Amino acid sequence: MAKCDICGKGVGFGKKYSHSHIRTNRQWKPNVQPVKAIVDGSPKKIYVCTRCLRSGKVQRAI
């Protein structure tokens with residue numbers, strides 16, 4: 001679910017390093033919000049990251 005329907009931004013993977021330098025896997029999830037937006041002329045519920053919302057790539061439905 002943590003994937004933007006507009007830009008395709010998804011989960012990033014990497015390592016978490018503790019103080020003793022023990023490495024464990026971790027994830028960076030994008031801030032994805034459910035939004036009612038105009039898609040192909042009709043309102044539809046999509047998941048959009050906050051970067052796309054802020055930059056105006058999404059026309060919200062009222």
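I began with D40, which counts as exposed because its relative accessible area is 79%. The cut-offs I used are: buried under 20% relative accessible area, exposed over 50%, partly exposed in between, with a 1.4 Å probe and protein chains only. I noted that this is a predicted model, where local features need pLDDT of at least 70, side-chain atom pairs count only at pLDDT 80 or more, and totals for chains, interfaces and linings use all residues. Residues are numbered from 1 along each chain as its sequence is written, and side-chain values use heavy atoms, with hydrogens and water left out.

**Entry: the β3-β4 hairpin.** I placed D40 in the loop between β3 and β4 (42-49). Strands here are DSSP runs of E with at least two residues, helices are runs of H or I with at least four, and both are numbered from the N terminus. D40 is not a glycine, yet I read a positive phi of about 55 degrees for it. The two strands form a hairpin with 2 residues between them, and D40 sits in that turn. I looked up the pairing next: β3 and β4 are antiparallel over 8 bridges. Strands count as paired if DSSP finds at least two bridges between them. I checked one position, and P34 has Y47 in β4 as its bridge partner.

I then went to V32, which lies in strand β3 (residues 32-39). Is V32 buried or exposed? V32 counts as buried, because its relative accessibility is 14%. On the partner strand I took K44, a residue of β4. K44 is partly exposed, with a relative accessible area of 46%. I also noted that the C-alpha atoms of K44 and Q59 are separated by 11 Å, with their positions 15 residues apart along the chain.

**Entry: the β1-β2 hairpin.** I found strand β1 (residues 12-17) and strand β2 (residues 23-28) running antiparallel, joined by 6 bridges. Y17 is opposite R23 in β2, and K16 has T24 in β2 as its bridge partner. The hairpin has 5 residues between its strands. Which residue in the turn has a positive phi? I found H21 there, with a phi of about 65 degrees. H21 is a residue other than glycine and belongs to the loop between β1 and β2. With a relative accessible area of 51%, H21 is exposed.

I looked at H19 in the loop between β1 and β2 as well. H19 counts as exposed, because its relative accessibility is 86%.

**Entry: two C-alpha distances.** I took H19 and K36, which are 17 residues apart in sequence and 43 Å apart in space, C-alpha to C-alpha. For V32 and Y17 I noted 15 residues in sequence and 26 Å in space, again C-alpha to C-alpha.

**Entry: surface charge.** Which residues gather in a patch of positive charge? I listed K9, R51, R54 and K57, on the surface. Such a patch takes residues with over 30% relative accessible area and no salt bridge, and joins like charges within 9 Å. A salt bridge is a side-chain nitrogen of Lys or Arg within 4 Å of a carboxyl oxygen of Asp or Glu. Lys and Arg count as positive, while His and the chain ends are not counted. The charge is placed at NZ of Lys or CZ of Arg. Areas come from the Shrake-Rupley method with a 1.4 Å probe.

From this patch I followed up R51, which I placed in helix α1 (residues 50-55). R51 counts as exposed, because its relative accessibility is 53%.

Notes: Patches are made of residues with over 30% relative accessible area and no salt bridge: like charges are joined within 9 Å, nonpolar side chains (Val, Leu, Ile, Met, Phe, Trp, Tyr) within 5 Å.
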